[in-house]
Structure formats: structure tokens, C-alpha cells
Amino acid sequence: MRWKVALLTASDKGARGEREDTSAQVIRELIEEELIGDIVDYRIVPDEQDEIRAALIEMADYFQADLILTTGGTGLAYRDVTPEATLRVAERLVPGIPEAMRAFVSQRSRHGVLFRGVCAIRGRTLILNLPGDPKGVHEHLMAVMDLLPEALDQVKGMRGGQEQ
């Protein structure tokens, strides 16, 4: 089964066309190669809760993505609001996934504890926040990549590829 994945970048500079979205490219490669997924929607929005929230709702409800990966807006800066926007659209939380990411990355760098990303479920869509830099994206996503198929199966109401 190929997963439908939406990709959302939260970046003021990216939204203005002032910065290349290299983190999204890392995510795209990992999704296609490791998760066997297809990108069904991709967009860049400024670091504004309302815009992030609206994009997440559309990706989950209209595009019916199995997985939405966000990049950016997960640090401590004033404009870093992606976790808050994600929580506003969430129906349920999955705290273990970001906990596993923080634990894995913190083994390599103490800065891993500064990552504020969350993981949530909206309908039958799993939403996972990732950092905004390519190295951080790779480390955080690879920390849980092996868990994602099982998590997606469960969110979709599947067991071993069969609907329950």
C-alpha cells in the first residue's frame, strides 16, 4: 500500500520566496524511499497559526492524506507556532512519537530537548511536526520511520493491511 502524504512548511521567508525549502526535499525523499508514500499536497505558509491550521484541515479533510508532515515552527522563537496550530485541529494526541524523536535526537545533541513538535490525529489522518532544518528533519523522521506504517494502519483502522 502506498501512503498519501501531505507536506506543509511553516516559514515566513519560505512563504515570501526568500528561502529555498530544503527540508521539504529531505522529507520528500524519505517518504518516497523509506515509507513508500506519494506526496498528494505540498505548500508553504507563513508562521501564522490560522494559516497553518487552515492548511492542516484542508490536507486532512479534503485531500484525505494518511499522513501530514509539517516542517518548521517547532522551536522556541516567538513566531514558532506550528505545535499550537496542530493542537487546535487535533482530535487526539499521540505523545509517544515526538517523545521518541526527542529521546533519539537528544542522545546526539542536548538541543534535541528544545524541539516542541507534537503528533496528533484528525479523523483518519496522522499529523507529525518536524523541525525546520534538513539535518533535524532527517534525524527526527528517521527516529520513528519504522513506527509510521503501524501507526498509520491503526489510524486508518487497519491491521496488517486489512481493514477492521
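Arg 53 and Asp 50 lie 3 residues apart in helix α3 (residues 49-62), and are therefore separated by about one helical turn. Their side chains form a salt bridge in which the closest N and O atoms are 2.9 Å apart. The model described here is predicted. This briefing covers salt bridges, the packing of two helices and a nonpolar surface patch.

**Salt bridge within helix α3**
- Arg 53, the partner of Asp 50 in this salt bridge, has a relative accessible area of 22% and is therefore partly exposed.
- The count of salt bridges in the model comes to 12.

**Salt bridge between distant parts of the chain**
- Arg 79 and Asp 12 also meet through their side chains in a salt bridge, with an N to O distance of 2.9 Å.
- This pair links distant parts of the chain, since Arg 79 is in the loop between β3 and α4, Asp 12 is in helix α1 (residues 12-15), and 67 residues separate them.
- Asp 12 has a relative accessible area of 18% and is buried, because buried means under 20%.
- Arg 79 has a relative accessibility of 33% and therefore counts as partly exposed.
- Glu 48 joins Asp 12 and Arg 79 in a network of salt bridges.

**Salt bridge between exposed residues**
- Glu 18 and Arg 16 form a salt bridge, and their closest N and O atoms are 3.1 Å apart.
- Glu 18 is exposed, with a relative accessible area of 51%.
- Arg 16 also counts as exposed, at 52% relative accessibility.
- Both values qualify because exposed means over 50% relative accessible area.

**Packing of helices α5 and α6**
- Helix α5 spans residues 96-106 and helix α6 spans residues 134-144.
- The two helices pack at an angle of about 120°, and their axes are 8 Å apart.
- At this angle α5 and α6 are oblique to each other, because the range for roughly perpendicular ends at 115 degrees and roughly antiparallel requires over 145.
- The crossing of α5 and α6 is right-handed.

**Nonpolar surface patch**
- Leu 76, Val 113 and Leu 114 make a nonpolar surface patch of about 300 Å².
- Leu 76, one of the residues in this patch, is located in the loop between β3 (67-71) and α4 (82-89).
- Leu 76 counts as exposed, at 58% relative accessibility.
- The loop between β3 and α4 thus holds both Leu 76 of the patch and Arg 79 of the salt bridge with Asp 12.

Conventions
Residues are numbered from 1 along each chain as its sequence is written. This is a predicted model: local features need pLDDT of at least 70, side-chain atom pairs count only at pLDDT 80 or more; totals for chains, interfaces and linings use all residues. Side-chain values use heavy atoms; hydrogens and water are left out. Patches are made of residues with over 30% relative accessible area and no salt bridge: like charges are joined within 9 Å, nonpolar side chains (Val, Leu, Ile, Met, Phe, Trp, Tyr) within 5 Å. Accessible areas come from the Shrake-Rupley method with a 1.4 Å probe; for residues, only the protein chains shown count as cover. A salt bridge is a side-chain nitrogen of Lys or Arg within 4 Å of a carboxyl oxygen of Asp or Glu. Helices (H or I, at least four residues) and strands (E, at least two) are DSSP runs, numbered from the N terminus. Buried means under 20% relative accessible area, exposed over 50%, partly exposed in between (1.4 Å probe, protein chains only). Axes are lines fitted to C-alpha atoms, for helices over the stretch in contact, and angles run from 0 to 180 degrees between N-to-C directions. Angles under 35 degrees count as roughly parallel, over 145 as roughly antiparallel, 65 to 115 as roughly perpendicular and the rest as oblique. A crossing is left-handed if the near helix is turned anticlockwise from the far one by less than a right angle, and right-handed if clockwise.
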